Amino acid sequence: MPRPTKGRRLGGSAQHERHMLANLATQLIVHESITTTEARARRLRPYVEKLITKGKRGDLHARRTVMRKVTDKYAVYRLFEELAPQFEGRNGGYTRIIKTLPRKGDNAPMAVISLVLEPVAKKEVVADAVATAKRAAQEAIEASADSADEV
């Protein structure tokens with residue numbers, strides 16, 4: 001039987017936390033970006049990443065497993081049909097958390113959690129960019145050494 005996480009929960013009980021995470025995940029899938037507290041965003045990230053991994057599998061069992069957690073049919077449809085194909089080349093790291101200003105009322109630390117929908121750069125492109133950067137840095141070092149020798 002699954003055991004709830006130790007320590008403080010986001011609501012009161014484990015059931016309330018489970019429902020809260022399901023609702024946050026639904027809104028994140030539908031809107032692609034939500035503003036929430038930093039603690040909720042950190043707890044939501046692994047929850048949503050597991051759902052997206054199941055969405056990438058795309059079979060009936062994965063869909064039914066996701067439907068047990070996220071009960072909104074439109075969110076599940078959007079996850080499997082629209083978002084999962086965009087994450088096809090990405091091996092994890094589907095979400096991004098950006099800290100923002102504290103909340104006005106109680107000064108709670110806030111964050112924006114969003115889906116990373118940009119395409120992943122291919123390894124050869126990254127290797128070429130790294131090589132170019134190293135070459136430019138080496139040329140800059142040589143140029144500064146030459147200017148120091150002239151003085």
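Is Glu-32 buried, exposed or partly exposed? Keep that in mind while we walk through this predicted model; the tour reaches Glu-32 at its second stop.

**Start with the whole chain**

Show the protein chain as a cartoon and follow it from the N terminus. You should find five helices and three strands, arranged along the sequence as α-β-α-α-α-β-β-α.

Now zoom out. The C-alpha trace spans about 75 × 45 × 30 Å along its principal axes. The radius of gyration is 22 Å, whereas a compact globule of 151 residues would have one near 15 Å.

Switch on the surface next. The protein chain exposes about 10,400 Å², and carbon and sulfur atoms supply 55% of that area. Of its 151 residues, 30% count as buried. Then colour by charge: there are 28 positive and 18 negative side chains, and the centres of these two sets lie 17 Å apart.

If you like to draw contacts, try those between residues at least 6 apart in sequence: 58% of them join residues at least 24 apart.

**Second stop: Glu-32**

Select helix 1 (14–31) and strand 1 (33–37); Glu-32 sits in the loop between them. Check its backbone: phi is positive, at about 70 degrees, although Glu-32 is not a glycine. Here is the reply to the opening question: Glu-32 counts as partly exposed, because its relative accessibility is 26%, which falls between the 20% limit for buried and the 50% limit for exposed.

**Third stop: Glu-38**

Move along to helix 2 (residues 38–57), where you will find Glu-38. With a relative accessible area of 14%, Glu-38 is buried, because that value is under 20%.

What is Glu-38 in contact with, leaving aside its neighbours within four places in sequence? Show the side chains of Lys-99, Pro-109, Met-110 and Ala-111, and you have the partners of Glu-38 in view. Two of the strands are worth highlighting here: strand 2 covers 95–99 and strand 3 covers 110–115.

**Last stop: Asn-107**

Keep strand 2 and strand 3 on screen and select the loop between them, which holds Asn-107. This residue is another non-glycine with a positive phi, here about 65 degrees. Is Asn-107 buried or exposed? Asn-107 is exposed, because its relative accessible area of 56% is over 50%.

To finish, display the three selected residues together: Glu-38 is buried, Glu-32 is partly exposed, and Asn-107 is exposed.

Technical notes. Residues are numbered from 1 along each chain as its sequence is written. This is a predicted model: local features need pLDDT of at least 70, side-chain atom pairs count only at pLDDT 80 or more; totals for chains, interfaces and linings use all residues. Side-chain values use heavy atoms; hydrogens and water are left out. Helices (H or I, at least four residues) and strands (E, at least two) are DSSP runs, numbered from the N terminus. The radius of gyration is taken over C-alpha atoms; the globule rule is 2.2 Å times the number of residues to the power 0.38. Buried means under 20% relative accessible area, exposed over 50%, partly exposed in between (1.4 Å probe, protein chains only). Contact means heavy atoms within 4.5 Å. Accessible areas come from the Shrake-Rupley method with a 1.4 Å probe; for residues, only the protein chains shown count as cover. Lys and Arg count as positive and Asp and Glu as negative; His and the chain ends are not counted. The place of a charge is taken as NZ of Lys, CZ of Arg, CG of Asp or CD of Glu.
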